[in-house]
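User: I would like to learn how to read the features of a structural model. Could we take one as a worked case?

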Amino acid sequence: MRIFKRALALLLTALMFVSIMPTAFATVFTSSFRDFPTGWSREAMTAAVNNGLIIGREDNTVGPTDYLTRAESATIINRAFGSTVEADISGFSDVSESDWYYREFAKAVNMKTFVGNGNGLLSPTE
């Protein structure tokens, strides 16, 4: 019984430590973005970053005041659902395999969260 109580105490301590880690590291991680919001959206953006939905751009920005493009939306939805299976999207003329969002759209088309406009376009930058 004593070993069980000790093991339970250690487990609970470990769980408490793990549960506070995102809060402890949130400031460090989010501060690496040059344009991280400081106003009303900071809490939601911090949660999105901590949950891996938003990882930022190559220039260390998150664009909090920019319009969200279809490519960015597809990426966030894929991450939220853990999508990994890709469809063949070679029939869409406005996405190229060299585009950063090509594989993200392939996943989104597979999940049917994005289907295109019926004219062979996914409109990734709109």
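**Reading the model feature by feature**

Analyst: Let us begin at the end of a helix: H4 is followed by Lys-112, and the phi of Lys-112 is positive, near 65°. Please bear in mind throughout that this is a predicted model.

User: How should a phi of that sign be read in Lys-112, a residue other than glycine?

Analyst: The general idea is that most residues other than glycine have a negative phi. Lys-112 departs from that sign, with a value near 65°. Lys-112 lies in the segment after helix H4, which covers residues 102–111.

User: Is Lys-112 buried or exposed?

Analyst: The reading rests on a cut-off: a residue is exposed when its relative accessible area is over 50%, and buried when it is under 20%. Lys-112 has 63% relative accessibility, so it counts as exposed.

User: Which residue in the segment after H4 offers a further case?

Analyst: Ser-123 is found there. Ser-123 is not a glycine, yet its phi is positive, about 50°. Its relative accessible area is 11%, and therefore Ser-123 is buried. A positive phi also occurs at Gly-82, which follows H3 and has a value near 65°.

User: What is the overall architecture of the chain?

Analyst: One counts the elements and then reads their order. The chain has 4 helices and 0 strands, and along the sequence the pattern is α-α-α-α. Of its 126 residues, 29% count as buried. The chain exposes about 9000 Å², of which carbon and sulfur atoms supply 61%.

User: How many of the contacts, as a percentage, link residues 24 or more positions apart?

Analyst: Such a figure is read against a stated base. Here the base is the contacts in the chain with a separation of 6 or more, and residues 24 or more positions apart account for 55% of them.

User: How does one check the length of a helix, taking H3 as the case?

Analyst: One compares an expected span with the distance between the end C-alpha atoms. The 12 residues of H3, at 1.5 Å a residue, should span 16 Å; the end C-alpha atoms are 16 Å apart, so the two agree.

User: Which residues of H3 are buried, and what do they pack against?

Analyst: The buried residues of H3 are Ala-71, Glu-72, Ser-73, Ala-74, Thr-75 and Asn-78. They pack against H4. The relation can be read from the other side as well, since the buried residues of H4 pack against H3. H4 is mostly covered, with 7 of its 10 residues buried. Among them are Tyr-102, Phe-105 and Ala-106.

User: What can be learned from the loop between H3 and H4, where Ser-83 is found?

Analyst: For a loop residue, one reads its accessibility and then its contacts. Ser-83 has 12% relative accessibility and therefore counts as buried. Beyond its neighbours within four places in sequence, Ser-83 is in contact with Asn-78, Lys-107 and Met-111.

Val-95 is also found in the loop between H3 and H4. Its relative accessible area is 9%, so Val-95 is buried. Leaving aside neighbours within four places, Val-95 is in contact with Ile-89, Tyr-101, Tyr-102, Phe-105, Leu-122 and Pro-124. The C-alpha atoms of Val-95 and Ala-106 are 9.9 Å apart, and the two residues are 11 apart in sequence.

User: Where does Met-45 lie, and which residues does it contact?

Analyst: Met-45 is in helix H2, residues 42–50. With a relative accessible area of 14%, Met-45 is buried. Outside its neighbours within four places in sequence, Met-45 is in contact with Phe-36, Pro-37, Ile-54, Val-62 and Pro-64. Pro-64 is 19 residues from Met-45 along the chain, while their C-alpha atoms are separated by 8.3 Å.

User: Finally, what is the volume of the largest pocket, and which residues line it?

Analyst: A pocket is read by its volume, then by its lining. The largest pocket has a volume of about 520 Å³. It is lined by 19 residues, of which Ile-54, Arg-57, Val-62, Leu-68 and Glu-72 are the closest to its centre. Helix H3, residues 70–81, gives the most to this lining, with 4 residues. By class, the lining residues of the largest pocket comprise 10 nonpolar, 4 polar and 5 charged.

Methods:
Residues numbered from 1 in each chain as written. Predicted model: local features only at pLDDT ≥ 70, side-chain atom pairs only at ≥ 80, totals over all residues. Heavy atoms only, no water. Helix = DSSP H or I, 4+ residues; strand = E, 2+ residues; numbered from the N terminus. Buried < 20%, exposed > 50% of the residue type's maximum accessible area, 1.4 Å probe, protein only. Contact = heavy atoms within 4.5 Å. Areas by Shrake-Rupley, 256 points an atom, 1.4 Å probe, with all protein chains shown as cover. 1 Å grid on protein atoms, 1.4 Å probe; cavity = no way out; pocket = protein on both sides within 12 Å on 5 of 7 lines; lining within 4 Å. Points joined across faces, edges and corners; volume = space filled by probe spheres on them. Nonpolar A, V, L, I, M, F, W, Y, C, P; charged D, E, K, R; others polar. Expected span 1.5 Å × (residues − 1).
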